[in-house]
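Work through the exercises below with the sequence and the model in view. Try each task before reading its solution.

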Amino acid sequence: MSDPYHAADDAWTIKAWWQDLHSAAATLTRLPLPHPSAAIALDPRVRRAYPVIGALIGLAAGGVFFAAHDVGLPLAVCTVLSVAALILIGGHMDDHGQRAAGPLLVATMIKLAAIYVIGNPSTPDGGPHMVVVSLAAAGALSHAAAILFEPNPPKDEDVENGVMPAPPMADPKVVILPPDGTEISEEDMDEGNGRELGPATSAIIIALLVALFTLGILPGAAAVGGAAIGAWGAPRMLAREIESEVLPLPLALQQSGEVWALLALAILMSI
């Protein structure tokens, strides 16, 4: 693999982390960064940086809410601006997104309602500061949960023993589609959907630390549970809705784990 993103031999050096963060940011956001090749965008090592980038996207959107509230804009306007920031900063949409207009609209409405409740000063412990930390935690958790619940490719020994994997529609692939529209072969898709214990574990630990340090134990646990439910169930339901065996990354992350994590927080704060 000759891509400059992976010039560092040791995956735990500062240089390697910077390369992975750069590659993840180019893949997950609309920032004007040089896009990595499809092989690098599908590399399991880069995924450890996903929760960090997800948290930064959430912080940016939360910062928009905070700034809008600080200048005196109505709560509803602050909420719409923050969700618009999430959409504008994070990822891209392709033909899957267009065909999933109905589910995406529902997910966006849920996200608007949840952020409105979380950012409402009349909600116990609610307010602009809570929107900032909630969006950061939800962003980190949704990206890590998608890695955790991503389907594994069938093992050779299972195939040899006659144990066949579930049909694709029962367990859709979550595929990274590079923002520059780079074509990805079926072989690259299969390779990119394989999990490796190290990167997945690193991503999950980072996301849990972000959630616990920003939200605390009980709200953090609620966000973790919501993200897990959303990351496991929502992509599978969405795949059936749009009749697709492959889901692009923004649909799988922004419209699943993130939505359910925010919804769980909003419900907890409203009790």
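The protein has 12 helices and 2 strands. The model is predicted, and the exercises go from the whole chain to single residues.

**Exercise 1. The overall layout**

Task: State in which order the elements of the protein run from the N terminus, and what percentage of its residues count as buried.

Solution. Step 1: Read the elements from the N terminus on; the order is α-α-α-α-α-α-α-α-β-α-α-α-β-α. Step 2: Turn to burial; of the 271 residues of the protein, 51% count as buried. Step 3: Look at contacts between residues at least 6 apart in sequence; 79% of these join residues at least 24 apart.

**Exercise 2. The largest nonpolar core**

Task: Find the residues of the largest nonpolar core that touch the most other members, and the helix with the largest share of this core.

Solution. Step 1: The core holds 43 residues, and A24, I115, I118, L135 and L262 touch the most other members. Step 2: At least two residues of this core come from each of α1 (14-28), α3 (50-70), α4 (75-89), α6 (101-119), α7 (128-148), α10 (197-215), α11 (217-241) and α12 (249-270). Step 3: The largest share belongs to α7, with 10 residues. Step 4: Take I115 as an example. Leaving out residues up to four places away in sequence, I115 touches F65, T79, S82, V83, V131, L135 and L262.

**Exercise 3. The pair α3 and α4**

Task: Work out how α3 and α4 are oriented to each other, and which classes of residue make their contact.

Solution. Step 1: Two packed helices are described by the angle between their axes and the distance between the axes. Step 2: For α3 and α4 the angle is about 155°, and the axes are 8 Å apart. Step 3: Angles over 145 degrees count as roughly antiparallel, and α3 and α4 are therefore roughly antiparallel to each other. Step 4: The crossing of α3 past α4 is right-handed. Step 5: On the α3 side the contact is made by I57, G58, A60, A61, V64, F65, A68 and H69, and on the α4 side by L75, C78, T79, L81, S82, A85, L86 and I89. Step 6: Sorted by class, this contact of α3 with α4 has 12 nonpolar, 4 polar and no charged residues.

**Exercise 4. The pair α1 and α3**

Task: Do the same for α1 and α3.

Solution. Step 1: These helices, α1 and α3, pack at an angle of about 55°, with their axes 9 Å apart. Step 2: α1 and α3 are therefore oblique to each other. Step 3: α1 passes α3 in a right-handed crossing. Step 4: L21, A24, A25 and L28 of α1 meet Y50, V52, I53 and I57 of α3. Step 5: The contact of α1 with α3 divides into 8 nonpolar, no polar and no charged residues.

**Exercise 5. Two single residues**

Task: Decide whether G233 and A261 are buried or exposed, and give their positions relative to other parts of the chain.

Solution. Step 1: G233 lies in helix α11. Step 2: Buried means under 20% relative accessible area; G233 has 12%, so G233 is buried. Step 3: G257 is 24 residues from G233 along the chain, and their C-alpha atoms are separated by 9.2 Å. Step 4: A261 lies in helix α12, and A261 is buried, with a relative accessible area of 0%. Step 5: Between the C-alpha atoms of A261 and A227, 34 residues apart along the chain, the separation is 4.6 Å. Step 6: Neighbours within four places in sequence aside, A261 is in contact with A138, A223, G226 and A227.

Notes: Residues are numbered from 1 along each chain as its sequence is written. This is a predicted model: local features need pLDDT of at least 70, side-chain atom pairs count only at pLDDT 80 or more; totals for chains, interfaces and linings use all residues. Side-chain values use heavy atoms; hydrogens and water are left out. A nonpolar core is a set of buried Ala, Val, Leu, Ile, Met, Phe, Trp, Tyr and Cys residues joined through side-chain atoms within 4.5 Å. Buried means under 20% relative accessible area, exposed over 50%, partly exposed in between (1.4 Å probe, protein chains only). Helices (H or I, at least four residues) and strands (E, at least two) are DSSP runs, numbered from the N terminus. Contact means heavy atoms within 4.5 Å. Axes are lines fitted to C-alpha atoms, for helices over the stretch in contact, and angles run from 0 to 180 degrees between N-to-C directions. Angles under 35 degrees count as roughly parallel, over 145 as roughly antiparallel, 65 to 115 as roughly perpendicular and the rest as oblique. A crossing is left-handed if the near helix is turned anticlockwise from the far one by less than a right angle, and right-handed if clockwise. Ala, Val, Leu, Ile, Met, Phe, Trp, Tyr, Cys and Pro count as nonpolar, Asp, Glu, Lys and Arg as charged, and the others, Gly among them, as polar.
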